[in-house]
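This briefing introduces a protein chain to a reader who has not met it before. Please look over the sequence and the structure shown here, and then follow the points grouped by topic.

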Amino acid sequence: IDASGNVGIGTTTPTATMSLDVNGNTRIAGTLLLGTISTIYTSGYSYPITIDASRLSINAASGGNVGIGTTAPGEKLQVAGNIAPTANDTYSLGTTALRWSDVYVGPSTIHIGTSATDEGTISYNTTNNVLNIGTDSTSNGDIAFFTDDLFLDKSSGNVGIGTTSPYAKLSVAGEIVGAFFT
């Protein structure tokens, strides 16, 4: 305890009411309650809080951004690596009331379904500039737009307009109107 009432453990020159200088590992059994911390100082400078090297970082210098797998997060949450739920078909990204405004995906595939053999896929081929909508289904895995407005039967290759049972390469339920037919 110095003349101003500061207590030091492991140091003879405490700079605060309680100063702990540890050379080595510290183990705390139970809960460590730090209270309200606005800044953590190291050698007199403000640094980001980093836990376990680059696994979790809170970057105070960039407005409190949180990084997982990065020590320099540039957004409110930035992850370097894959993100996965702990159980299938359990968690949502957003809600019916709180939706994301934009989602940016690289030239990869979005998979919608319950398994790799029973799912719909959406991808974009940046080489040929083609939007691909398909299925990974091993059997038929048809594709429908608005149930039966446009229906693609994967098993036969037939296309239906106004029907989910196209019987020819193009089956139309309803009138066909056109200016020129050849």
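**Contacts of Ser171**

Leaving aside neighbours within four places in sequence, Ser171 is in contact with Val159, Gly160, Ile161, Thr163 and Pro166. The model is a predicted one. In this model, Ser171 lies in strand 15, which covers residues 170–172. Ser171 has a relative accessible area of 2% and is therefore buried, the limit for that class being under 20%.

**The chain as a whole**

- The secondary structure of the chain comes to 15 strands and zero helices.
- Of the 182 residues in the chain, 13% count as buried.
- Among the contacts between residues at least 6 apart in sequence, 2% join residues at least 24 apart.

**The sheet that holds strand 15**

- Four strands make up an open sheet with the order 12-13-14-15, and the pairing in this sheet is mixed.
- Strand 12 (143–145) and strand 15 are the edge strands, and each of them pairs on one side only.
- From one strand to the next, the twist of this four-stranded sheet averages 10 degrees.
- Strand 13 (residues 150–152) pairs with strand 14 (residues 159–161) in the antiparallel sense, over two bridges.
- Phe151 stands opposite Gly160 in strand 14, and Gly160 is also one of the residues in contact with Ser171.

**The sheet of strands 9, 10 and 11**

- A further open sheet has three strands in the order 9-10-11, with antiparallel pairing.
- Strand 9 (109–115) and strand 11 (130–135) stand at the edges with a single partner strand each, so one side of each has no neighbour in the sheet.
- The twist in this three-stranded sheet averages 5 degrees from one strand to the next.

**Strand pairs and hairpins**

- Strand 9 and strand 10 run antiparallel and are joined by six bridges.
- These two strands, 9 and 10, form a hairpin with two residues between them.
- His111 has Thr121, in strand 10, as its bridge partner.
- Strand 10 (residues 118–125) is joined to strand 11 by six bridges, and this pair runs antiparallel.
- Strand 10 and strand 11 form a hairpin with four residues between them, and Asn129 in the turn has a positive phi of about 55 degrees.
- Two bridge partners in strand 11 can be named: Asn132 is the partner of Ser123, and Val130 is the partner of Asn125.

**The second largest pocket**

- The second largest pocket has a volume of about 610 Å³.
- This pocket is lined by 19 residues, and those closest to its centre are Pro85, Tyr91, His111, Ile112 and Gly113.
- Strand 9 gives the most to the lining of the second largest pocket, with seven residues.
- By class, the lining of this pocket has nine nonpolar, eight polar and two charged residues.
- His111 links two of the topics above: this residue is among those closest to the centre of the second largest pocket, and its bridge partner in strand 10 is Thr121.

Notes
Residues are numbered from 1 along each chain as its sequence is written. This is a predicted model: local features need pLDDT of at least 70, side-chain atom pairs count only at pLDDT 80 or more; totals for chains, interfaces and linings use all residues. Side-chain values use heavy atoms; hydrogens and water are left out. Two strands pair if DSSP finds at least two bridges between them. Axes are lines fitted to C-alpha atoms, for helices over the stretch in contact, and angles run from 0 to 180 degrees between N-to-C directions. On a 1 Å grid over the protein atoms alone, a cavity is a set of points where a 1.4 Å probe fits but cannot get out, and a pocket is an open set with protein on both sides within 12 Å along at least five of seven lines; lining residues have an atom within 4 Å of a point. Grid points are joined across faces, edges and corners, and a volume is the space filled by probe spheres set on the points. Ala, Val, Leu, Ile, Met, Phe, Trp, Tyr, Cys and Pro count as nonpolar, Asp, Glu, Lys and Arg as charged, and the others, Gly among them, as polar. Buried means under 20% relative accessible area, exposed over 50%, partly exposed in between (1.4 Å probe, protein chains only). Contact means heavy atoms within 4.5 Å.
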